[in-house]
Amino acid sequence: MTYLTGLLKIFIASMVVNNIILMQFLGLCSYIGLTDNMSASIGMGYAVTFVTVLAAIVTWIIDHWILIPFHLQPFLQIVSFILVIGSLVGLVEIYLKKMSPNLYKAMGIYLPLIATNCLILGVTFVISMHRLDFIQSIVEAIGTALGYFMAMLILAGIRERLRNSELPEFFQGKSIAYIISGIAALAFMGFQGMIK
Amino acid sequence: MKKLKIIWNGIVPSNPVLILAIGLCSVVAVTNFVQNALLMSFVFSFVLILSEVIVSAIRKWVPDEIRVPIFVVVIATFTTIAALLSHAYFPAVYDAIKLYILLVVVNCIIIGRAEAFAYKNGIFDSLLDGIGMSIGYSWVIVAIAVIRELFGNGTIAGLRVMPQAFQPALVMILPPAGFLVLGVLVGWLEWSLRKREAKK
């Protein structure tokens, strides 16, 4: 029972309390770049969720079955993780193209963008730093990805409204996106006390 | 003269953070205290300069199709060295920003410069470009960090500057202010660029 509560805690913590974009600032490029378009944000959200979970599983196995038993972790971790994630994204792309063209059309164009997204690599480092077990890692990955999805939807929705409103000259362009994220982050600070 | 221009180019005209607006994750995250920003600048400069030199040195033997994975391996090697070095010499600061130091490996600025400059130019020019870009990155993040720490904590790099009566605005060292300060900075920059265009 305590294990399940622990899982729930990890989920809430990774999704809202330590929201990957608003509290930890990972994946900002795609967050600022894609959110002026609602459907692109949704496509990116699905693709990120999918790849994050896969990457968490694969890098957990590599970390615990190869790097830690052979004492390679401190100096081979970065190189092996980034290469594994890069090739994983390539494989997923080829597989989707062949097996389900519709799904590929929906998220295919976002997959190459993900390979260099610091969010995916960040989640795998966090998992390895906190020494989570296998199930906990998957929960952490799902929570983080959903947190990313949620932040993308929030900002995309607000920016869609902003297009029809009159902004002060100073804040036109990208600037207002940062200001809105700052205010959203202030709101998310309210979750801070939830998890001890 | 031309060589100086390569360095100057990274400091202002195509400053990686302010003008090109790439690699922003670490900019927002590590600027809450000046020490964090200084360590981050050191790691970033170390990785960028050495990767550019190495990529430029091996560029004739790198096949075009697999150049990006090779760049990534070079960058990852230097990131590992920098992370281990800073863990050994600055353990307290390293613990505070560990995640962002490890993530230098996917920093868009470094991969971008390796691809756009070092892969096409000689070793000495790449070295100069690396130095220029590093200075350009470092002065921006240290400047933001000074603003945030001064108003959020009343100190600069741990030394008390503001008088005792100064009431620190705590929000400045919390995560949201990273977005707010960057938003104002970007807004000011775009606004002044637009104004200059309009004058012409």
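**Exercise 1. Find which residues of α9(A) and α8(B) meet, then describe how the two helices cross.**

Solution. Start with the contact, counting two residues as touching if their C-beta atoms, placed from the backbone, lie within 7 Å. On one side are A:S175, A:Y178, A:I179, A:S181, A:G182, A:A185 and A:L186 of α9(A); facing them in α8(B) are B:P175, B:P176, B:F179, B:L180, B:L182, B:G183, B:V186, B:G187 and B:E190. Sorted by class, they give 10 nonpolar, 5 polar and 1 charged. Here Ala, Val, Leu, Ile, Met, Phe, Trp, Tyr, Cys and Pro are nonpolar, Asp, Glu, Lys and Arg charged, and the others, Gly among them, polar.

A word on the model: it is predicted, so local features need pLDDT of at least 70 and side-chain atom pairs pLDDT 80 or more, while totals for chains, interfaces and linings use all residues. Residues are numbered from 1 along each chain as its sequence is written, with chains lettered from A and ligands numbered from 1 in the order written.

Next, the geometry. The axes of α9 (residues 175-188) of chain A and α8 (residues 175-199) of chain B come within 8 Å and cross at roughly 165°. That angle makes α9(A) roughly antiparallel to α8(B) (over 145 degrees; under 35 is roughly parallel, 65 to 115 roughly perpendicular, the rest oblique). Finally, the crossing is left-handed (the near helix is turned anticlockwise from the far one by less than a right angle; clockwise is right-handed).

**Exercise 2. Work out how α6(B) and α7(B) are arranged.**

Solution. First, the axes of α6 (residues 108-118) and α7 (residues 123-153) of chain B come within 11 Å, crossing at roughly 150°. α6(B) is therefore roughly antiparallel to α7(B). Then check the hand: α6(B) passes α7(B) in a right-handed crossing. The touching residues are B:I109, B:R113, B:F117 and B:A118 of α6(B), with B:S126, B:D129, B:M133 and B:Y137 of α7(B). By class, this contact has 5 nonpolar, 1 polar and 2 charged residues.

**Exercise 3. Is A:F25 buried or exposed? Decide for A:H71 too.**

Solution. Locate A:F25 in the loop between α1 (2-17) and α2 (28-34) of chain A. Its phi is near 60°, a positive value in a residue other than glycine. With 26 other C-beta atoms within 10 Å, A:F25 is buried (20 or more; 12 or fewer is exposed, in between partly exposed). Now turn to A:H71, in the loop between α3 (38-67) and α4 (73-99) of chain A. A:H71 has a positive phi of about 55° although it is not a glycine. A:H71 has 9 other C-beta atoms within 10 Å and is exposed.

Notes
Axes fitted to C-alpha atoms, helices over the stretch in contact; angles between N-to-C directions. Helix = DSSP H or I, 4+ residues; strand = E, 2+ residues; numbered from the N terminus.
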